[in-house]
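Visitor: Before we begin, I should like to ask on what grounds the descriptive terms are applied here. Please set each value against its criterion.

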Amino acid sequence: MKRICFLAIAVVLFATAGVRAQEQDDTTRRLDSLQQVVNRLTSNVETLEQADKDQAIWKDRAKYFNIGYVNQKLLDKSYGGEIKSDLGVSLSNGKTYYLHKKPLAKMIKFGIDFSWLDINYAKYTLESIDEGSFEVYSTPMHQAEIGMQVGPSVTINPIHHLKVGGYFRVTPSYSMLYMDDTFHHHYVTFCNAGCTVAWKIVSLGVEWRWGTAKYDGLTFDESAFEGEGDEDPSFGDVMDQLSAPERKFKTSSVRFYIGFRF
């Protein structure tokens, strides 16, 4: 009888232990499942946060509008002499088209910059000496270009919203120059190379710009509109009298600018 009791107690204890083990296994499985769900949710949240960060850093900051101060030199390669600008301003507006979706090493992107508008203006003071009185006369001189820019760029995002970039662009432009009552104009291919530092919407940059071309000239002489006798001059005669010799100029600029990226 005692043996039967001990056997019954052992069976009950064994069954109880089995139930507890089963409950522990179920609890462990539930905890594992719950941990997997938490891990998936955490991963999804991190993915969304990274996507939002990439959107804010790259896509929402691809366009740019720059306002700059220009320090410019003009070299007369036909007759010699160099003159420095008194002041200058520039405006440019464009967008960076990145060549790949995800940044390399999680922080580097290569792209193509396209500025659909680039305006540059510089004012000079031209000094001349009167041969009779030896007095020095100062006359204003103006130079302006309008064009577009295109070229490769690289942008590095080392931390948070800080971005550092460098670029080289070709800038086909129409250039105008007014000096000594003569209007010079021609197509010029400028080159621009620069670097920029941006924090969110605001950026600071500096770029070097240079180009050379032969300019056609038109001189403003009122006597060209006066015909001989009572006959009015023809359009061809007027243009022949107005035309001035070609002159070759080289333009070199440094542009410091503040930009807005959006």
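Guide: Let us start with a side chain: that of T196 reaches the backbone oxygen of L204 at 3.1 Å. The model is a predicted one, and T196 lies in strand 7, which spans residues 182-199.

Visitor: What makes the approach of the T196 side chain to the backbone oxygen of L204 a polar contact?

Guide: The limit for a pair of N or O atoms is 3.5 Å, with one able to donate a hydrogen and the other to accept it. The T196 side chain reaches the backbone oxygen of L204 at 3.1 Å, which is within 3.5 Å, so the pair counts as a polar contact.

Visitor: Why is T196 called buried?

Guide: The relative accessible area of T196 is 14%. Buried means under 20%, so T196 qualifies. Leaving aside neighbours within four places in sequence, T196 is in contact with K163, V164, G165, S203, L204, G205 and Y257.

Visitor: H161 is found in a loop; which strands does that loop join? And why is H161 called buried?

Guide: The loop runs between strand 5 (136-159) and strand 6 (162-179). H161 has a relative accessible area of 16%; as the cut-off is 20%, H161 is therefore buried. Beyond four places in sequence, H161 is in contact with A56, I57, A198, W199 and K200.

Visitor: Why does G111 count as buried?

Guide: G111 has a relative accessible area of 3%, which is under 20%, so the term buried applies. The place of G111 is in strand 4, residues 108-129.

Visitor: Which residues is G111 in contact with, once neighbours within four places in sequence are left aside?

Guide: They are T96, Y97, Y98, L99, G151, P152 and S153. As for L99, this residue is 12 residues from G111 in sequence, with 5.1 Å between the two C-alpha atoms.

Visitor: How do you know that there is empty space within the structure?

Guide: Rolling a probe the size of a water molecule over the atoms shows where empty space is left. In this structure, a search of the whole finds 2 cavities of 30 Å³ or more. The largest cavity holds about 170 Å³ of space, and the second largest about 40 Å³.

Visitor: What lines the largest cavity?

Guide: The lining of the largest cavity has 18 residues, and T96, D113, T155, T196 and R261 lie nearest its centre. Strand 1 (63-76), strand 3 (87-98), strand 5, strand 6, strand 7 and strand 9 (243-261) each supply at least two residues of this lining. The largest share, 5 residues, comes from strand 6. By class, the lining of the largest cavity divides into 6 nonpolar, 8 polar and 4 charged residues.

Visitor: Which residues line the second largest cavity?

Guide: N66, S90, S92, E207, R255 and Y257 line the second largest cavity. Strand 3 and strand 9 are the elements that give two or more residues to this lining.

Visitor: What makes the classes of the lining of the second largest cavity 1 nonpolar, 3 polar and 2 charged?

Guide: Tyr counts as nonpolar, Glu and Arg as charged, and Asn and Ser fall among the others, which count as polar. Y257 is therefore the nonpolar residue, E207 and R255 are the charged ones, and N66, S90 and S92 are polar.

Visitor: Finally, what is the secondary structure of the chain as a whole?

Guide: The chain has 2 helices and 9 strands, in the pattern α-β-β-β-β-β-β-β-β-α-β along the sequence. Of its 262 residues, 29% count as buried.

Terms used: Residues are numbered from 1 along each chain as its sequence is written. This is a predicted model: local features need pLDDT of at least 70, side-chain atom pairs count only at pLDDT 80 or more; totals for chains, interfaces and linings use all residues. Side-chain values use heavy atoms; hydrogens and water are left out. Helices (H or I, at least four residues) and strands (E, at least two) are DSSP runs, numbered from the N terminus. Buried means under 20% relative accessible area, exposed over 50%, partly exposed in between (1.4 Å probe, protein chains only). Contact means heavy atoms within 4.5 Å. On a 1 Å grid over the protein atoms alone, a cavity is a set of points where a 1.4 Å probe fits but cannot get out, and a pocket is an open set with protein on both sides within 12 Å along at least five of seven lines; lining residues have an atom within 4 Å of a point. Grid points are joined across faces, edges and corners, and a volume is the space filled by probe spheres set on the points.
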